[in-house]
Protein chains: 2
Amino acid sequence: MISEIDPRGLIAKSLSEHSQLDVFDTEALGRLKARTKTFESGSYVFREGLSFSDYVFVISGYLFRQKQTSDGYRQIVSFTIPGDIVNPENRFVNNLDYNVVCAEKSSIAYVQKSEFELLIDSHPSIRLAVDLRTTAESRQLREWLLNIGGRSAKTRVAHFLNEFAARTKLRGLSDGLHFSLPMSQEQIGDSVGITPVHVNRAIRSFVESGLISHTNRKYEIVDINGFRQVGQFSEKFLLVSNFPQ
Amino acid sequence: MISEIDPRGLIAKSLSEHSQLDVFDTEALGRLKARTKTFESGSYVFREGLSFSDYVFVISGYLFRQKQTSDGYRQIVSFTIPGDIVNPENRFVNNLDYNVVCAEKSSIAYVQKSEFELLIDSHPSIRLAVDLRTTAESRQLREWLLNIGGRSAKTRVAHFLNEFAARTKLRGLSDGLHFSLPMSQEQIGDSVGITPVHVNRAIRSFVESGLISHTNRKYEIVDINGFRQVGQFSEKFLLVSNFPQ
DNA sequence: CGGTATTTTGAGCAGTGTCAAAGACGGTGG
DNA sequence: CCACCGTCTTTGACACTGCTCAAAATACCG
């Protein structure tokens, strides 16, 4: 099941989302020594505040970054897809301000801090690629802020589903119209700031109006233009434009 | 009024918030050649998507970074205080995904891209400081996401006011208890995702319960512990810990 | 196959939003 | 220096989105 995914290619693909990598860069990425580990659904890959030193790449599976209020509400602040770096801030700090939890059984690769940073230092375009990924993630945070702060419950859910479709397509993990989303409706709710009951009503309304179809956790976007419109979704925020202008 | 603020010292102070700068770093920062410009309240310093090339520092005044939905809602995604870099992503991209607007009359310093990057390249601790500021800003975005997604209207407003107090204190711009907040209640609402009417009710309730006092746009936090508790506020997220652990 | 977690649905309610108007403030021009 | 005007704050009444509680139906897992 996982075997069809090429970890090294995925990471290179992730890093070349916003700028070019050449063959030497890609090969160097392929030579990284990684220790891989599998986590069950729901298990914590990182705990907030604990220090670490390795870089962590997602090989397969989807993970959440999440924070909590003092009265127990859990807010999902982003999710990773295969190829993403879980802790890019590892270059600058040695702990995280969020927890990282698996949405499903996931496979994770650990790369030593020194080894990855040596790679970055010797390959300027890999360094740029990592920096651009970080910039892109900041943009995603701001878009989520706009989504949660400024849109209705239904629109938020549609935006979230559109984002998942777009990101997996960009990474070559789906065709952008058919995908299985390994998240409960409660987790979707915690991502967009509404209750699971309301997530359900939103999704059902999309199905009823013929925008998507949905069974178990498989989604098909039937009317992509209509669905994007409902979610006020534009994939512009997923793409950062690189120099030169 | 502005004359009591030392721009160069402020920028150094901003950059040394999360790591150490030595005298040589500070002096080098002081030698930066800057072109300064004054903007009126409400004017745009940057427009989303437009390309630029200079680094922009805030000398005095408060600015918003803001985005809009397609149906016109405006979400403020962060605000800057004097000493901040408005566009730190200038190192990697040449345009912004948000607009930058003055909350009040503000003074801005432009530093040439090449000059600032030369400085970064020759001063590793300045480079680290900039990277740490960027990391800190990502943390702030995630905290805002938690605030908007997971807390009640009153709690959000209290959290926002606490954050303003804490950040200005950290930068040496207030004592953390008395401050004038140059934002309308509508702008506060757009920051935390509620209507201005509701912001007003929240603030009034804080006044009535003796947590703060408030006239015009001057605030005094009377019961700091109580007010932090109401806002579920901890300033941990403002501080990133530097290596070594 | 049984037990558990998730999805789905309903009914009632609470927190926020909407609309509207009055009061306060601050800036401007005469 | 004052009167005016526009913007912001404050307040009230009411509507509605989204939440709570609860229970049934369905899917998942060992």
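Let me start with the contact between the two protein chains, to which chain A brings 43 residues and chain B brings 43 residues. Please keep in mind throughout that this is a predicted model. When chain A and chain B are put together, the area buried between them comes to about 4,000 Å², and carbon and sulfur atoms give 60% of that area.

How are the two copies related to each other? If we superpose chain A on chain B, the operation is a rotation of 180° with 0.0 Å of shift along its axis, and the RMSD is 0.0 Å. The two copies are thus related as by a two-fold rotation axis. We can also look at which residues take part: 100% of the interface residues of chain A are interface residues in chain B as well, so the copies meet through the same surface.

Now for the charged and polar pairs in this interface. Eight salt bridges are found across the interface of chain A and chain B, and one of them joins Glu143(A) to Lys67(B), with the closest N and O atoms 3.3 Å apart. Across the interface there are also eleven residue pairs in polar contact, counting those where both residues have pLDDT 80 or more.

Which elements of chain A give two or more residues to the side that touches chain B? They are strand E4, which covers 63–68, strand E5, which covers 74–80, and helix H4, which covers 124–150. Helix H4(A) gives the most to this side, with 15 residues. If we sort the residues on the side of chain A that touches chain B by class, we find 15 nonpolar, 17 polar and eleven charged.

Let me turn to the DNA, beginning with strand C. There are 17 residues around DNA strand C, and the closest are Gln185(A), Asn200(A) and Arg204(A) from one chain, together with Ala153(B) and Thr195(B) from the other. Of the atoms of DNA strand C that come within 4 Å of the protein, 76% belong to sugar and phosphate. Two phosphate examples may help you here: a polar backbone atom of Gln185(A) is 2.8 Å from a phosphate oxygen of DNA strand C, and a polar side-chain atom of Arg204(A) lies 2.5 Å from a phosphate oxygen of that strand. The surface near DNA strand C draws at least two residues from H7 of chain A and at least two from H7 of chain B, and its largest share, four residues, comes from H7(A).

What do we find around DNA strand D? Here 17 residues surround the strand, and Ala153(A), Thr195(A), Gln185(B), Asn200(B) and Arg204(B) come nearest. Sugar or phosphate accounts for 79% of the atoms of DNA strand D within 4 Å of the protein, while the rest belong to bases. The side chain of Arg204(B) has an N or O atom 2.4 Å from a phosphate oxygen of DNA strand D, and Asn216(A) places a polar side-chain atom 3.4 Å from a phosphate oxygen of this strand. For DNA strand D, H7(B) gives the most to the nearby surface, with four residues. By class, the surface near DNA strand D has four nonpolar, nine polar and four charged residues.

I would like to finish with Arg201(A), whose side chain reaches bases. One of its polar side-chain atoms lies 3.2 Å from a base nitrogen of DNA strand C, and a polar side-chain atom of Arg201(A) also lies 3.4 Å from a base oxygen of DNA strand D.

Methods:
Residues are numbered from 1 along each chain as its sequence is written. Chains are lettered from A and ligands numbered from 1 in the order in which they are written. This is a predicted model: local features need pLDDT of at least 70, side-chain atom pairs count only at pLDDT 80 or more; totals for chains, interfaces and linings use all residues. Side-chain values use heavy atoms; hydrogens and water are left out. Contact means heavy atoms within 4.5 Å. Buried area is the accessible area (1.4 Å probe) that two parts lose on being put together, summed over both. A salt bridge is a side-chain nitrogen of Lys or Arg within 4 Å of a carboxyl oxygen of Asp or Glu. A polar contact is a pair of N or O atoms within 3.5 Å; within protein, one must be able to donate a hydrogen and the other to accept it, and residues adjacent in sequence count only if both atoms are side-chain atoms. Ala, Val, Leu, Ile, Met, Phe, Trp, Tyr, Cys and Pro count as nonpolar, Asp, Glu, Lys and Arg as charged, and the others, Gly among them, as polar. Copies are superposed by least squares on the C-alpha atoms of residues with pLDDT of at least 70 in both. A residue is near a molecule or strand if one of its heavy atoms lies within 4 Å of it.
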